[in-house]
Amino acid sequence: MFDQFEQASFEYEGVECWSARELQVLLGYGTWRRFENALEKAKESCQNAGHDTEYHFAGAGKMVTIGSTAEREVKDYYLTRYACYLIAQNGDPKKKEIAFAQT
């Protein structure tokens with residue numbers, strides 16, 4: 001899992017980042033709605049720790065195919081390593097992927 005996580009990173013404006021949509025899958029969440037709960041808790045933790053939430057959770061859109069040729073934009077975030085850590089810490093510990101990330 002560690003290798004998958006590292007391979008999913010990319011550089012955005014000189015900062016190492018991960019797509020929240022890709023992290024959702026890596027952490028074992030089948031739906032965005034459930035993952036978004038952990039993401040929102042992580043954003044709150046970031047803010048409570050005095051860090052810049054906009055920096056660590058940069059809002060982004062992502063185009064997805066919805067049918068044969070139609071596309072629509074869905075919410076996504078570009079996450080720093082710190083944001084990924086916070087999401088893992090606020091995730092569902094019953095998920096084996098979350099349990100692994102928390103160690």
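Here's a quick tour of the salt bridges in this structure, plus one residue with an unusual backbone angle. Keep in mind that this is a predicted model. A search of the whole structure turns up four salt bridges, and three of the residues involved, Glu6, Glu16 and Arg81, are joined into one network by bridges that share partners.

**Bridges between distant parts of the chain**

- Glu6 pairs up with Arg81 in a salt bridge, with 2.9 Å between the closest N and O atoms. That ties helix α1 (residues 2–7), home of Glu6, to helix α5 (residues 81–89), where Arg81 sits, and the two residues are 75 residues apart.
- Glu6 is partly exposed, at 24% relative accessible area, and Arg81 also counts as partly exposed, at 35%.
- Glu36 and Lys75 form a salt bridge too, at 3.4 Å from N to O. Here the link runs from helix α3 (residues 32–48) to strand β4 (residues 71–79), with 39 residues separating Glu36 and Lys75.
- Lys75 is partly exposed, with a relative accessibility of 43%.

**A bridge within one helix**

- Glu40 and Lys43 meet through their side chains in a salt bridge of 3.7 Å, N to O. Both belong to helix α3 and lie three residues apart, which is about one turn of the helix.
- Glu40 is partly exposed at 35%, but Lys43 is buried because its relative accessible area of 19% falls under the 20% cut-off.

**An odd backbone angle**

- Glu13 has a phi near 50°, a positive value, and it's not a glycine.
- You'll find Glu13 in the loop between β1 (10–12) and β2 (15–19), where Glu13 is exposed, with a relative accessible area of 71%.

Methods. Residues are numbered from 1 along each chain as its sequence is written. This is a predicted model: local features need pLDDT of at least 70, side-chain atom pairs count only at pLDDT 80 or more; totals for chains, interfaces and linings use all residues. Side-chain values use heavy atoms; hydrogens and water are left out. Helices (H or I, at least four residues) and strands (E, at least two) are DSSP runs, numbered from the N terminus. Buried means under 20% relative accessible area, exposed over 50%, partly exposed in between (1.4 Å probe, protein chains only).
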